[in-house]
Amino acid sequence: MSEAIPALELRHVSHHYGARQALDDVSFDVAPGSFCVLLGLNGAGKSTLFSLITRLFALQKGEIRLLGLDLTRHPGAALAELGVVFQSRTLDLDLSVAQNFYYHAALHGIGRKEADERTSELLKAVGLADRAKDKVRNLSGGQMRRVEIARALLHRPRLLVLDEPTVGLDIGARADILLLVRGLIAREGMSVLWATHLTDEIEPGDSVVVLHKGKLRAEGKVTDLLAKTGLADMRSAFVALIAETETRGAA
Amino acid sequence: MSIEAAAPRRLTPAAYFICLKGICWREGLRFLHQRERFISALVRPLVWLFIFAAGFRQVLGVSIIPPYDTYVLYDVYITPGLMAMIQLFNGMQSSLSMVYDREMGNMRVLLLSPFPRSFLLFGKLIAGTLVSVLQVYAYLVIAWFWDIQPPPLGYLTVLPALILVGLMLGALGMLLSSLIKQLENFSGIMNFVIFPMFFASSALYPLWRVQEGSPALYYVCQINPFTHAVELIRFALYGQMNWLAFAVTAGCAFVFMSAAILAYDPSRGLMALRGAPGAGA
């Protein structure tokens, strides 16, 4: 049996805006079928990383591979495997939910018939089957997020990346979204990279990548990180891991 | 569950067509939803036609110049200019909507498509052009009742000219959108792009009249691509071909389009240098 190829591989990725270094030699993998949490405070470089993975910015240094496909050499094929939920809203507010889905499907070369089937299937999965004809403007924040997640899965990507998808949602909606995404991965069998600064979104079985001030601080299973820091919960472990960088930087 | 290396999915010609159709369809829907935009796009040239041209009819005489084979009224003369103006506004407006789109993240959705980026931007241009052509025909219908009645065949022969002009002005707008950093109000583009292009052209007055008044302005008008866009439409509306106007319009369309595609290319473009909204975090 061949060894499974990581859903996402980053190798020595660095990025700077002018003189400011936003990412410094970041390397990590997202294993197939895993839920990987990218943990970092605001300004840690998470959004820059997303802009690189989604090819909004060109890679300045290093390599990124999606399902073994080099993002620079095979951008189209790599993007076809990628589903994205951005931090800011990206739905057309004046169009209906279904129209937003058809547009997304067309951008992936998927015809109306298949798009139709997939739309009703996915909207059912996120509990919004009865809202297909409603204008997006009339949905609540939590519902819009669910629509965006469903839309990101329309073209059957094998890697889903989400940039702080729970920002601006209330506690109930946050829990819903998390549960939903975890359920969907199990159902659709894909890998997830979930960026957040909230440690309570992490579950014991997850992989965690800790990013701080553009540097990779730690990487591993939750249990590994707890063992490494000798602490009981991820919140204290996270604080300890980024504090360690501070003192090192000062030394 | 095992995941193997992804085999690159094939993008067939049919898939390209679906993509292009989808981009045009969305642009059309958005246009329908913005009724004010359609009405103001129609009212603007009509104000010029009904008020400005009516007033100037007595002041400005237009001698017989090609493509006209008889004396024409001033409102007949400025109609091609107003048609081009509709397309100029539309091109700049869709450029502004791209800045807005980018802030709203819709541009990001477009650029996530696996199709080549140049194809996506070209699709966006085609979609904007089709919308502008619809606006022009709506204007022509009303103008017909105002006794501006070009030969029936002219309505058909002007179509390719409108498409080419729409592409050129749309590409110019797209290029500007890649340079504009934030959602600014429309007045900047009005003052620095639309007004100079429109007034320093043959849209409102024949160039021989400009030459009499100011030779310097005459040269400015000559090198203004908008002049050639207007002349291309003017000749095509009367079933004639103006090769110089065609060459300049097509050449500019090509140059603007290439520059816009380069500007949106992540590896060479300005977006990476500048950083995108929220990306500094």
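This is a short dialogue on how to read the features of a predicted two-chain model.

Colleague: Before we start, what conventions apply to this model?

Modeller: Because this is a predicted model, local features need pLDDT of at least 70 and side-chain atom pairs count only at pLDDT 80 or more, while totals for chains, interfaces and linings use all residues. Residues are numbered from 1 along each chain as its sequence is written, and chains are lettered from A and ligands numbered from 1 in the order in which they are written.

Colleague: How many helices and strands are there in chain A, and how many in chain B?

Modeller: Helices (H or I, at least four residues) and strands (E, at least two) are DSSP runs, numbered from the N terminus. On that basis chain A has eight helices and 10 strands, whereas chain B has 12 helices and zero strands. Read from the N terminus, chain B is simply α-α-α-α-α-α-α-α-α-α-α-α.

Colleague: What radius of gyration does chain A have, and what would a compact globule have?

Modeller: The radius is taken over C-alpha atoms, and the globule rule is 2.2 Å times the number of residues to the power 0.38. For 251 residues the rule gives a value near 18 Å, and chain A has 18 Å, so the two agree. Along the principal axes, the C-alpha atoms of chain A fill a box of roughly 60 × 45 × 40 Å.

Colleague: And burial: what share of each chain counts as buried?

Modeller: A residue is buried if 20 or more other C-beta atoms lie within 10 Å of its own, exposed if 12 or fewer, and partly exposed in between, with C-beta atoms placed from the backbone. In chain A, 46% of the 251 residues count as buried; in chain B, 44% of the 281 residues do.

Colleague: How should I read contacts along the sequence in chain A?

Modeller: Two residues are in contact if their C-beta atoms, placed from the backbone, lie within 7 Å. In chain A, 68% of the contacts with a separation of 6 or more come from residues 24 or more positions apart. For chain B, 78% of the contacts between residues at least 6 apart join residues at least 24 apart.

Colleague: Where are the edges of the open sheet in chain A?

Modeller: Two strands pair if DSSP finds at least two bridges between them. The open sheet of four strands in chain A has the order β2-β1-β4-β5, with antiparallel pairing. Its edge strands are β2 (20-30) and β5 (69-70), each pairing on one side only. Strand β4 (residues 61-66) and β5 of chain A are joined by two bridges, and Arg65(A) has Asp70(A) in β5(A) as its bridge partner.

Colleague: What does the length of helix α5 of chain A tell me?

Modeller: The expected span is 1.5 Å times one less than the number of residues. Helix α5(A) (residues 141-152) has 12 residues, so it should span 16 Å, and its end C-alpha atoms, 17 Å apart, agree with that. Its buried residues include Arg145(A), Val147(A) and Ile149(A). Among the elements covering the buried residues of α5(A) are α3 (97-107), α4 (112-125) and α6 (171-188) of chain A.

Colleague: Which residues have the most contacts inside the largest nonpolar core?

Modeller: In soluble globular proteins, nonpolar side chains tend to be buried together. A nonpolar core is a set of buried Ala, Val, Leu, Ile, Met, Phe, Trp, Tyr and Cys residues joined through C-beta atoms within 7 Å. The largest one here has 154 residues, with Ala84(B), Val165(B), Met168(B), Ala171(B) and Ile233(B) having the most contacts inside it. Helix α3 (residues 74-104) of chain B gives the largest share, 15 residues. Beyond its neighbours within four places in sequence, Ala171(B) is in contact with residues including Leu125(B) and Phe256(B).

Colleague: How is chain A divided into domains?

Modeller: Domain bounds come from an automatic or database domain assignment. For chain A it gives domain 1 (1-81 + 158-251) and domain 2 (90-156). Their contact takes 12 residues from domain 1 and 11 residues from domain 2. On the domain 1 side, α6(A) provides the largest share, seven residues.

Colleague: Which backbone angles deserve a look at His12(A) and Pro67(B)?

Modeller: His12(A) has a positive phi of about 50 degrees although it is not a glycine. His12(A) lies in strand β1 (residues 8-17) of chain A, and it counts as exposed because it has 11 C-beta neighbours inside 10 Å. The peptide bond from Pro66(B) to Pro67(B) is cis, with omega near 5 degrees, and Pro67(B) is in the loop between α2 (35-56) and α3 of chain B.
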